[in-house]
Every structure is written in structure tokens, then in C-alpha cells.
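User: Please go through this model with me. I would like short answers on its disulfide, its strands and its open spaces.

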Amino acid sequence: MEIEQNIWGFTPEGEAAVVYTMRNATGAEVRLTNLGAALIGVTVPGRGGRMDDVALGYGTFGGYMHDPAAPGKVLGRCADPLDPAYDGLQSRIWNARVETDRVVFAYTSPDGEAGRAGELGVEVVYDWSDGCDLEVTYFARGNADMPVNLACNPWFNLAGEAAGTNGGHDTGLPEGCTPVGGHAAGGDPGTRLREMLAVCHPGSGRSLEVRSSQQCICLKKIPEGRKPSKSGPPYAAGGGLAIACCDRPDTPRVLPAGETYHEKTVYSFRNEP
């Protein structure tokens, strides 16, 4: 696994936004940034080995600033992927470090931030395998009882980010947050993974399977874009799918003081020969 680091830009306060590129043995890549601990690129093979970036987002660092749509960002403290709020974890510059073959983002949300009581320390770990499995693991611990619900909010188009339309994706699920099972806290979340979604795009030969230890799969077609995309023009309404896993947004569980929140979601990308 190769991991590259490059400065992407600076906030008005002078904080550096860094892009981390994780490249596996097949040449498939995941791109991350410490602004919102965001997933900003996923380049994977399709039919015949054709490589395309299937993660939607903006072409510049500035696009991710002051952006309530929050594509690819980690939402919280109390995530609602159907209606992301701007003033939360997704709008912060996180600390970041590389640990061998993974990238770890860490942020301490102070007491009173975004109107939330208590201090909450959060870590989000991204692992990328040679088989094109992207694991997103969440840890959090607070100094008071508080509701916690964390979710990465990626936007995907398996035809490729520049395809312009989202035709040909069959999810078999309605838009909205669909409960898949009750919450079973404790222990390694890797032992609690459930299949949440399987979607394929026959035209490109790509498919995506989503598994998670969390309760719900949240789906929505992306809204009409208001900023330039990575490929240039703003995205058309419905030009991609927002796919996030979280606990029920309307009833987030309360994390007791001193206990550890530990959840995992896995995005597995596959292709036909």
C-alpha cells in the first residue's frame, strides 16, 4: 500500500488541508482529506479494467468549505445523512496521521460546540485493501452522557464521476433511512457487520456492497449542484447516490460518559472482467 500526502489549501485561519492518497497493489485509489475527515475520491476498475473515479465531489478545496451538502464528509456529533447540518464535525479541520497502511483522523469537539454539551473525542480510521474494500471505523468517547451518531456521507456514481447521470443503478431500496436491524453495541464491530446494500451498474461492470455494524442505511439521490464538480459542471439533480450508514437519526443512542463508541462500515467495490 502506498500513501501519499499533499497540501491542498489553507483555511482563512491558516490551517492546512491535506489530501491523502491510498493506492493499493492494483492501482486503485482512495483519496481523503482532513477537512471533515472526508472521502473525496475512489478510483476503481470497471469492465475490462477501465479505471474511473466513482466518488462525487468538488474540484477544489474551496468547494468543501462552508458546504452544507457535505459530500464524503464525516457527519456528527448527531448525524442525519438526509439533512446534514453545516456546523458540526464535517466543517472542522481534523488532526491526521498515517499508521502503516491506514489513515487516522482525530478531532476533539469541545463542550458547547454546535450547541452540544460535554467534550467528545473522535477518531475515524480508513483502511483500503488490495481487493478494493474500504473500511471506515469510528471511535468516540465523551466526558458526559451524550447522544452520538457518526456517519461518513459519500456520494457515488458507479458509472464514473464524470458520467453526468445516475441511470442504471438498482438499489432495491427506497430513498430515506431504512432500519436493517437493532443495535448490538459492544465488542469488535467487525463481528457485527450486516449486509446493508448491494448495488450494481451493468453498463460499467461495477458493483458496490455495503456492510455495517450500524442500524440504518440512508439513501438519497443527490441534490442539484451549486458548485463546480471534479469534472467541471455542477452535478445534475439525481446525478449520484448518497449512501451512508448510521443509527436512527431521530433517536440517536446516548453514549455514557467514559464509554467507547465503536462502529464500522465497509464499502466493497467489485468489477466484471
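The questions and answers below take up cysteines, strands, and then the pocket and cavity.

Analyst: This is a predicted model, in which local features need pLDDT of at least 70, side-chain atom pairs count only at pLDDT 80 or more, and totals for chains, interfaces and linings use all residues. Residues are numbered from 1 along each chain as its sequence is written, and side-chain values use heavy atoms, with hydrogens and water left out.

User: Which cysteines form a disulfide?

Analyst: A disulfide is a pair of cysteine sulfur atoms within 2.5 Å. The structure holds one disulfide. Its sulfur atoms are 2.1 Å apart, and the cysteines are Cys177 and Cys218.

User: How many residues apart is the pair, and in which strands?

Analyst: The link of Cys177 and Cys218 is right-handed, with 105° about the S-S bond. This pair links distant parts of the chain, with Cys177 in strand 14 and Cys218 in strand 17, 41 residues apart. Strands are DSSP runs (E, at least two residues), numbered from the N terminus.

User: Is Cys218 buried or exposed?

Analyst: Buried means under 20% relative accessible area, exposed over 50%, and partly exposed in between (1.4 Å probe, protein chains only). Cys177 has a relative accessible area of 25% and is partly exposed. The value for Cys218 is 2% relative accessibility, so Cys218 counts as buried.

User: Why does Cys246 not bond to Cys218?

Analyst: Cys246 counts as buried, at 0% relative accessibility. The closest cysteine sulfur to that of Cys246 is in Cys218, and the two are too far apart for a bond because the distance is 3.7 Å.

User: In what order do the strands of the open sheet containing strand 14 lie?

Analyst: Two strands pair if DSSP finds at least two bridges between them. Strand 14 and strand 17 (residues 216-221) run antiparallel and are joined by four bridges, with Cys177 opposite Cys218 in strand 17. Four strands with antiparallel pairing form the open sheet, in the order 13-18-17-14.

User: Which strands stand at the edges of that sheet?

Analyst: An edge strand here has a single partner strand, so one side of it is left without a neighbour in the sheet. The two at the edges are strand 13 (155-156) and strand 14 (176-179).

User: How many residues of strand 8 are buried?

Analyst: Strand 8 pairs in the antiparallel sense with strand 7 (residues 95-99) over five bridges, and eight bridges join strand 8 to strand 9 (residues 120-128), also antiparallel. Strand 8 (residues 102-109) is mostly covered, and of its eight residues the number buried is six.

User: What is the volume of the largest pocket?

Analyst: On a 1 Å grid over the protein atoms alone, a pocket is an open set of points with protein on both sides within 12 Å along at least five of seven lines, whereas a cavity is a set where a 1.4 Å probe fits but cannot get out; lining residues have an atom within 4 Å of a point. Grid points are joined across faces, edges and corners, and a volume is the space filled by probe spheres set on the points. Residues lining the largest pocket include Tyr58, Asp67, Trp155, Lys220 and Arg226. The space in the largest pocket is about 260 Å³.

User: How many charged residues are in the lining of the largest cavity?

Analyst: The structure holds one cavity of 30 Å³ or more, and its lining includes Phe156, Asn157, His169 and Ile243. Ala, Val, Leu, Ile, Met, Phe, Trp, Tyr, Cys and Pro count as nonpolar, Asp, Glu, Lys and Arg as charged, and the others, Gly among them, as polar. The lining has six nonpolar and two polar residues, and the charged ones number no residues.
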